[in-house]
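Ready for a short walk through a model in your viewer? Please load it and keep the selection tool at hand.

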Protein chains: 2
Amino acid sequence: MTSKSFSFQLNPPTEQSARLGQIRCPHGTVDTPVFMPVGTVGTVKGLTVDQVESTGATMILGNTYHLALRPGSKLVEKLGGLHKFTGWQGPILTDSGGFQVFSLSKINKVTEEAATFQSHIDGAKLELTPEESIRIQERLGSDVAMVLDHVVALPSERKLVEEAMERSTRWAARCLDAASREQQAKFAIVQGGLDVSLRRRSSEGLTALPFDGYAVGGLSVGEPPAEMYRVIEATTPFLPRDKPRYLMGVGRPIDLLEGIARGIDMFDCVMPTRNGRNALAFTWNGTVRLRNAKHAEDPRPLDENCPCLACKHSRSYLRHLFNAKEMLGPILLTHHNLTFYQLVMQEARKQIAAGTFDDWLSRQRGVIDEPER
Amino acid sequence: MTSKSFSFQLNPPTEQSARLGQIRCPHGTVDTPVFMPVGTVGTVKGLTVDQVESTGATMILGNTYHLALRPGSKLVEKLGGLHKFTGWQGPILTDSGGFQVFSLSKINKVTEEAATFQSHIDGAKLELTPEESIRIQERLGSDVAMVLDHVVALPSERKLVEEAMERSTRWAARCLDAASREQQAKFAIVQGGLDVSLRRRSSEGLTALPFDGYAVGGLSVGEPPAEMYRVIEATTPFLPRDKPRYLMGVGRPIDLLEGIARGIDMFDCVMPTRNGRNALAFTWNGTVRLRNAKHAEDPRPLDENCPCLACKHSRSYLRHLFNAKEMLGPILLTHHNLTFYQLVMQEARKQIAAGTFDDWLSRQRGVIDEPER
């Protein structure tokens, strides 16, 4: 059953691929297309809640796998849920743990019943079932919960990808059966690797079930961007137009725009935060590696029109902070990159509204995804 | 010659030891007693300039040694000076590098001419003279520069302490001769270890020279607090009443108050920032070790009356951040400790104004310097 506390509206209604919408959920209203910063273990790394808000972010993501291991979902529930625990008062989406179980931990076994894995922290042997993933997310109290999916590495044999996709569909149904918290929306995750016929079967199987939204999962795992775009383009036509579509774990600014062009409404990714911590900045003129010696005496900010905390400073100062291994370097560049991602989404929404999105996107290609010239 | 751009006024005039004053310098006005957060290498570790301001700090310290090694004082000068480089618009005091040369680096040799030492970063052999320390600080453009002093470890033989003290006085005179930037105040540093007769000779030698302020240096290097208090008490009577007195590198909140009781106006210390990064918080009820398991499920903030960023959160959340090695833990606790230090100074000024400082101080003893009960 879909959640009565969650709604999505295309605004204005459109038959175009790139679309504007609005999500309403218990902790607020979110304009789509939206980019959600990743707050892995109860914090967007390096930023206070006020600073995350000041980037323009309206909705963030929390990682079920990380939070379940530390501090534990029962503790979070006892402290009043993830909103109260972290201080973030806007909407939160939690992933299911599926991706992390398969990427961060040593898997012991996947059966029809559960995934058994070793904690990446202390090696403890743990089990995650679709039901347990939902229970954890209900304790966390997120606005949107994701179903547990079986993620496989790409490339893999078709048979393996197919089995994992079909298991993911059965697990999605079990997640829906297990859900008891009416005010929490549940999103399904389309799998099927790079095989569009499998993606179609996955979409058909999942859209037969009453989910509040649909994600495209298992992408951006090493395949060329063009392959990813092809799979998105072949998948979204099989997803309901009146439900939000979420491209998980993607990506570079250009990938977000290419996703929007193919009908995606929601994104999350660690790229702005992780790259920010490593001195790589995103700008409208392309990427900037602040460790590069050419910035040593540069008095200009990264982007003189950017309202972020980093752009109050010179490139020279930012480079110095990274050279001196000062925390403020990662902090400022995280704030810059998250602000830039929000500005990209804001501009994308504006261009969609003006009917100029496709032209605008074509002017970004080869610019924002390349090193600054 | 003293600086025409720098003034200090006791306000109101008083013959009491604990005193209220006001420093005016090119970048602003500072109420004393004042605590200056340490911005070692061009950043108060972990905080943005806005966040440092929001702790209530009015004046910060920059380390000449660190900045000279990285990014270099010529680069800072080229980028417009330390204020423009870091974005901190209030007063800045720079130390001379003396303490760091003797504490962080391997010293090769101290002669009458210079201290020769190895960089703690790359082992490069470097030389620091009194003149060069002043040149560096003039390039940095701080409001207050400190003279280069010869610091010795305590305990040391009296003869060594005496020689270093007398050399420090000669170096102070050389600093004054080398100074060319009229708008930068110059402070001398009283040395002499724990020997009050040496401290007196040092004070008399230095106050014969036209400095803008006088620091008590070489303390808080391992001696018992009572020893430190004894030396301060024996030194301040030999310092001019109408110049600011600065106790360098001290200390715990209680040490600041004991210093104020003995006539000190200015303080700096890494304790609030360094301890904050290590999960130790200062509060009116004493110190709190957030890694302690007893805080695991504690929904209370560190201090419910504290306006800092950390006190918007539960102790449980703060502890979780440190357990998960999240940057936000050090950030929030740094903000808390610096805010607390400013509140302590604010309250001290209020108590001095009300004539109740001594009573109030006696109620803090054994409370704010002990673990919270």
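The tour goes from the pair of chains to their interface and then to a small sheet.

Before you start: this is a predicted model, in which local features need pLDDT of at least 70, side-chain atom pairs count only at pLDDT 80 or more, and totals for chains, interfaces and linings use all residues. Residues are numbered from 1 along each chain as its sequence is written, while chains are lettered from A and ligands numbered from 1 in the order in which they are written.

**Stop 1: both chains.** Select chains A and B. A turn of 180 degrees, with a shift of 0.0 Å along the axis, lays chain A on chain B with an RMSD of 0.0 Å (a least-squares fit on the C-alpha atoms of residues with pLDDT of at least 70 in both). The two copies are thus related as by a two-fold rotation axis. Now pick A:Met327: in chain A, its C-alpha is nearest the axis, 4.0 Å from it.

**Stop 2: the interface.** Here 30 residues of chain A are in contact with 30 residues of chain B (contact means C-beta atoms, placed from the backbone, within 7 Å). Select helix 12 (315–323) of chain A, where helices are DSSP runs of H or I with at least four residues, and strands are runs of E with at least two, numbered from the N terminus. Helix 12 of chain A gives the most to this side, with five residues.

**Stop 3: a sheet.** Go to strands 7, 8 and 9 of chain A, which form an open antiparallel sheet in the order 7-8-9 (strands pair if DSSP finds at least two bridges between them). Strand 7 (106–110) and strand 9 (125–128) of chain A are the edges. Finish at A:Lys109, which stands opposite A:Thr116 in strand 8 of chain A.

Note on methods: Contact = placed C-beta atoms within 7 Å.
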